[in-house]
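The following report examines a protein model at the level of residues and secondary-structure elements. The sequence and coordinates are shown first, and the account then moves through selected sites.

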Amino acid sequence: MKYKIIITLTSLIIATALRGDENRNNPTQCIEPENFTPSTAALFIEISSISKAVDFLNAEKDSHNIGNVLTKNIKWIKELKDKTGVDVLNTKSLKNIGIDINKALYITGFGYKKNEPKSVFFLPIIDKKNFPINFVKLLKIINDDKTNPDINPAISTYKDIRVFQIPNKIFFAVIDNYFILASSGNALTDIIDIKTQGCETSLAANPLFKDYKSKSDINIESSILKIFIRKEYLDNTYETVQGKEIKKDLQAAKPNLNFIDYISLSLDSETDEVSFMGRLSVNKEDPYGDLLIKVFTTDLFENALFAENPTGYHFLSIDVNKINEHFKAMTDKNDSAYKAYTEIMKPGRNTHFLKDAVLPCSKSFFNIIFQKPKTASEMDNFIVYIPMEECGDIKKTLKNLQKELENNHTEEGTFGEEKIDGHNSFWFKNSSHYKINILGYKGNIYAGNDIGLLKEVLKSSEKKSPDIKNDFTKRIDKNTFLISYTQFDDESFLKAVLMMLAYNNTDLYGFISKIESINLTGKKIDNDLMLNLRLKMLRSHK
C-alpha cells in the first residue's frame, strides 16, 4: 500500500510538471502585450492605467500644471474632439466609445526601415465585436474634409484572426481584449504568430526585458508611465535623422552607443509630488561602459559637509582620475571623446586646477551648499567644498589657482587677499560683481561668497553629513553618488529667474510657480546608473 501511495504521488508530480510545460507553450498563456510582442522590439511603452493617466493630465487645477504643458499644443486632441466629440482627456468619453479605461495602453517600436517607423499600439477595449467598425466610422468622420479619402478597410483572415487594412499603411485586429493598431502588415502578423504559436520568442522572454521588469522602481503602483528602450532603437532613430538634410554633419558625429544595454524611464505621481526615474543599464564589456561604472563612486556621502536647512545642497562623487587613465591608454586617436579630452588638456589652457588638484586624487567629490542670507540679497549664500586630503600638499594647487585668477582679474578691486579666522585666503569678483573667497583648510579647499558662512563651516568642519531631518536625505544610502536639492520658496532667486524665462508661456509659468522643491538623486547599483528627479509641488488651497 505504501508503495502505491508513493507511485501515485510521483505520477501526480510528473503530470503537474508536464502540464506546466504545456502551459508555457500554450498560446492562451500569452495574455499581456509583452507576452506576444516580438523579442526584436526595441521600444516598449506602458501607460497604466488609462484612467490614472487621464486623471494625472487633468490634475493641474489642484496640484500641478503638467497636463496643460503636455497637451495644450497637441493639435490632434482638439481636432478629434471638435470633429468626433471624443475627448481623450475625459474618461467617460473614452469609455463611451468602448475603451477599457481601467487597463493599460501599450506602444511598441521595432526600429526603422527605409526611414519609416514600425510601431504597434495595444489599446484595451470592452466591445471586441464592434470596436473595429466604430474605429472605421471615427476615421471617416476625421477625414470627411479630405478629397476622396479611401477609408473602407480590406478584411482578411490570418490564422483565424480577422485583419483589417486601410490604405496609407493602417493595419488593425482584435486579439483577446486588445485593439491592435500597426503601421505595417508584418508587424501585425508577427504578433499574431507569437500569440497563436507560443510566447517563447516574445519580448517578455528577452533577457534584457526580464532584467528591466525585475527592477523595483518599475513595479511601483503609483507609476503612470513606464518606458523600455534598447540601444538598437536609439541607433535606428539616429540613422533615420541622418537621412535628412543634415546627414553629412551627423555622419562624422555619430555617437558610439555600445555602452548601453537598455534605458528605462518612468513617471510616478503622488499627492504633492511628481517623480521621474531614469535607469541606464550599462554594458561593462564596452570600454566606455566600464569607464561609466568606475567613474561614479559611492559610499562617500558620510564625508560631505553638514548643512542645516539649506536652500540648496549639491553633492557629486566621482573618481575623475579614471577619466585621465582611460584616455591616456586609448589607441584610437580619432575617437571624438579622445579629441575633446586632449583639447581640454592642451598646454596653455587655463587648466591648472584640473591638472594639479582634481586628477591627482584617486577619489573625490564636490559639495556645494546654499543657504538663505541673513540680510536681503539677490543671491543665496553658498559654499563650495572640495576634499583634497588624498592629494597631498595643496599649497601648489592654491598657488596656481591664485595666480590664474589674479592674471584674469587685473582691474582694481576685482582681486585681493585677506585672512579669515587667521587662515590665508584670496578673493575675486565674478562677472556679477559678487566677491568670492577661496582658502585651504586641513588639506581641503573651500570657496564661498559670505565670510560669515565660511567661518561657520570651518568651525563645524568636523561635523559631517547633512541633517537627516532634511527632505532630500530621505532616499540617500550607500549607493548614492549624486544629490542635487533646490528649495523654491517665494524669495528664491533661481525660481524668480526660471519664472521670468517662462513668462511668455502661461502654462509653463504656472507649473514653475507651483514647485516647492527639486530633488535629483543619482545611484549606482551593479551595472545600473539611476537618476531620480522628484518635484515637490505646493499643495492647493481651496
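## Surroundings of D528

Leaving aside residues up to four places away in sequence, D528 touches K215, R279, L280, S281, V282, I293 and K523. This model is predicted. One of these neighbours, K215, also takes part in a polar contact, in which its side chain meets the side chain of D528 at 3.2 Å. D528 belongs to strand β20, which covers residues 528-537. D528 counts as buried because its relative accessibility is 4%, and the cut-off for burial is under 20%.

## The chain as a whole

The protein chain contains 19 helices and 20 strands. It has 542 residues, of which 45% count as buried. Where contacts join residues at least 6 apart in sequence, 62% of them link residues at least 24 apart.

## S364 and its contacts

S364 is found in strand β12, residues 364-371. With a relative accessible area of 7%, S364 is under the 20% limit and is therefore buried. Residues up to four places away in sequence being excluded, S364 touches T297, L300, L316, S317, I318, I386 and P387. The C-alpha atoms of S364 and L316 lie 8.7 Å apart, while 48 residues separate the two in sequence.

## Paired strands

Strand β8, residues 223-230, is mostly covered, with 7 of its 8 residues buried. Two pairings of β8 can be described. Strand β1 (residues 43-47) runs antiparallel to β8 and is joined to it by 5 bridges; in this pairing, L43 stands opposite I229. Strand β9 (residues 260-269) also pairs with β8 in the antiparallel sense, over 7 bridges, and here I227 of β8 faces L265 of β9.

A further antiparallel pair is formed by β6 (residues 170-175) and β7, which are joined by 5 bridges. Within this pair, I175 stands opposite Y178 in β7. Strand β7, residues 178-182, is mostly covered, and 4 of its 5 residues are buried. The hairpin of β6 and β7 has 2 residues between the strands, and D176 takes a positive phi there.

## Backbone exceptions

Most residues other than glycine have a negative phi, and most peptide bonds are trans. Two aspartates depart from the first pattern, and they are set out below.

| Residue | Phi | Loop | Relative accessibility |
|---|---|---|---|
| D176 | about 55° | between β6 and β7 | 35% |
| D421 | near 50° | between β14 (415-420) and β15 (423-429) | 41% |

Are these residues buried, partly exposed or exposed? D176 counts as partly exposed because its relative accessibility of 35% falls between the limits of 20% and 50%. D421 counts as partly exposed because its value of 41% falls between those limits as well.

The peptide bond that joins S48 and S49 is cis, with omega of about -25°. S49 is placed in the loop between β1 and α3 (50-57).

## Helix α13

Which residues of helix α13 are buried? In this helix, which covers residues 321-328, they are N321, N324, H326 and F327. An α-helix has 3.6 residues a turn, so residues three or four places apart point the same way. The buried residues of α13 pack against two other helical segments, α12 (287-295) and α14 (336-344).

## The largest pocket

Rolling a probe the size of a water molecule over the atoms shows where empty space is left. The largest pocket encloses about 1,600 Å³ of space. It is lined by 42 residues, and those closest to its centre are W76, L80, V88, L105 and F121. By class, the lining comprises 35 nonpolar, 4 polar and 3 charged residues.

How values were computed. Residues numbered from 1 in each chain as written. Predicted model: local features only at pLDDT ≥ 70, side-chain atom pairs only at ≥ 80, totals over all residues. Heavy atoms only, no water. Buried < 20%, exposed > 50% of the residue type's maximum accessible area, 1.4 Å probe, protein only. Contact = heavy atoms within 4.5 Å. 1 Å grid on protein atoms, 1.4 Å probe; cavity = no way out; pocket = protein on both sides within 12 Å on 5 of 7 lines; lining within 4 Å. Points joined across faces, edges and corners; volume = space filled by probe spheres on them. Nonpolar A, V, L, I, M, F, W, Y, C, P; charged D, E, K, R; others polar. Polar contact = N/O pair within 3.5 Å; in protein donor to acceptor, adjacent residues only side chain to side chain. Pairing = 2+ DSSP bridges.
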